[in-house]
Amino acid sequence: MPETTATPEPIQRLIEALHRLPGVGPKSAQRLAYHLVRTSPQEADALARAIVEARERIRYCSRCLNLTEADPCAVCTDPRRDQSLVCVVEQPLDVLAIERSGIYRGLYHVLHGILNPMEGIGPEHLHLSELRARVEAGGVAEVIMATNPSLEGEATVMYVQRLLSPLGVRVTRLARGLPSGADLEYADAVTLARALEGRQEI
Ligand code: ZN
């Protein structure tokens, strides 16, 4: 970002911090920073505190690795949910997408990433040993792979299938129909519901 003497240093620092957020380009960062420094002290303080509090109070669920305040999370402890189904997703936002589909009543497992040898992300960087341990502990009948329809998603599906098939668990994947390369996070509820209903054994 071009630095200019017209930007006071504290604003410049705020711009840089905002620019590091996903989806915030240099222009948006500038616009947000100039907006924020003109809000009331109360408003600015509330925003700052919301960020700090969320960061302090949110952790990973020790069972499904989703983000939660209480551990285990509300999904893992919900007695109405089917404990024998585990849906594997790349990131917490994918859980929200699947919940929006309205038809899934099982549990989740969040990998917090995807296999990507080009970027040096191997199985040891994902929460795969935890997934294996959950299946080994018993009670899981089916693991549904709901990774994004990408090359890396595909490689992850194959890896998990090899990892879990010796344990005698059924491993399925979402039906094709999600546009290739698209993010699950942005898939509409109807498409996701269909992909879940039509899931196939690998
Ligand atoms: Zn959980």
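## Overall architecture

From the N terminus on, the elements of the protein chain follow the order α-α-α-β-β-β-α-β-α-β-α-β-α-β, and in total they come to seven helices and seven strands. The model is a predicted one, and what follows should be read with that origin in mind.

Taken along the principal axes, the C-alpha atoms of the protein chain fill a box of roughly 65 × 35 × 35 Å. Of the 202 residues in the protein chain, 38% are buried. Among the contacts in the protein chain with a separation of 6 or more, 55% are accounted for by residues 24 or more positions apart.

## The zinc site

The zinc ion has as its protein donors the SG atoms of C61, C64, C73 and C76, lying 2.3 Å from the ion, and along the sequence these donor residues are spaced C-x2-C-x8-C-x2-C. The arrangement is tetrahedral because the four donor atoms around the zinc ion subtend angles of 105 to 117 degrees, a range that lies inside the limits of 85 and 135 degrees required for that assignment.

Within this set, the pair C64 and C76 links distant parts of the chain, 12 residues apart: C64 belongs to the loop between β1 (59-60) and β2 (67-68), whereas C76 belongs to the loop between β2 and β3 (82-89). Both C64 and C76 are buried.

## The sheet and its pairing

Five strands form an open sheet with mixed pairing, in the order β4-β3-β5-β6-β7. At the edges of this sheet stand β4 and β7, each with a single partner strand, so one side of each is left without a neighbour in the sheet.

Strand β3 runs parallel to strand β4 (residues 106-110), and five bridges join the two; in this pairing V88 stands opposite H109, while V89 stands opposite V110. Between β3 and β4 the chain passes through helix α4 (residues 92-101), and the resulting β-α-β crossover is right-handed. Strand β3 is also joined to strand β5 (residues 142-145), again in parallel, by four bridges, and there the bridge partner of C87 is I144 in β5.

## R81, ahead of strand β3

R81 is found in the loop between β2 and β3, which is also the loop that holds the zinc donor residue C76. R81 counts as buried because its relative accessible area is 5%, whereas the limit for that class is 20%.

Two polar partners of the R81 side chain can be named. The side chain of E99 makes a polar contact with the side chain of R81 at 2.8 Å, and the backbone oxygen of G106 lies 2.8 Å from a polar atom of the R81 side chain. Residue numbers place E99 in helix α4 (residues 92-101) and G106 in strand β4 (residues 106-110). Leaving aside neighbours within four places in sequence, R81 is in contact with V75, E99, Y104, R105, G106, L107 and Y108.

## T156 in helix α6

T156 has its place in helix α6 (residues 151-164), and this residue counts as buried because its relative accessibility is 1%. A polar atom of the T156 side chain lies 3.1 Å from the backbone nitrogen of L115.

When residues up to four places away in sequence are not counted, T156 touches L111, I114, L115, M145 and T147. L115 therefore appears both as the residue whose backbone nitrogen lies 3.1 Å from the T156 side chain and among the residues that T156 touches, with T156 itself buried at 1%. M145, another residue in this set, falls within strand β5 (residues 142-145), the strand that four bridges join to β3.

## Q200 in strand β7

Q200 has its place in strand β7 (residues 200-201), one of the two edge strands of the sheet. With a relative accessible area of 37%, Q200 is partly exposed, because that class covers the values between 20% and 50%.

In sequence Q200 and R173 are 27 residues apart, yet in space the two are 5.5 Å apart, C-alpha to C-alpha. R173 is also one of the residues that Q200 touches once those up to four places away in sequence are not counted, and the others in that set are V171, T172 and A175.

Technical notes
Residues numbered from 1 in each chain as written. Predicted model: local features only at pLDDT ≥ 70, side-chain atom pairs only at ≥ 80, totals over all residues. Heavy atoms only, no water. Buried < 20%, exposed > 50% of the residue type's maximum accessible area, 1.4 Å probe, protein only. Polar contact = N/O pair within 3.5 Å; in protein donor to acceptor, adjacent residues only side chain to side chain. Contact = heavy atoms within 4.5 Å. Donors = N, O, S within 2.8 Å, 3.2 Å for Na, K, Ca; no water. Tetrahedral: all angles 85-135°; square planar, octahedral: opposite > 155°, others 65-115°. Pairing = 2+ DSSP bridges. Right-handed = clockwise from strand over helix to strand, strands pointing away.
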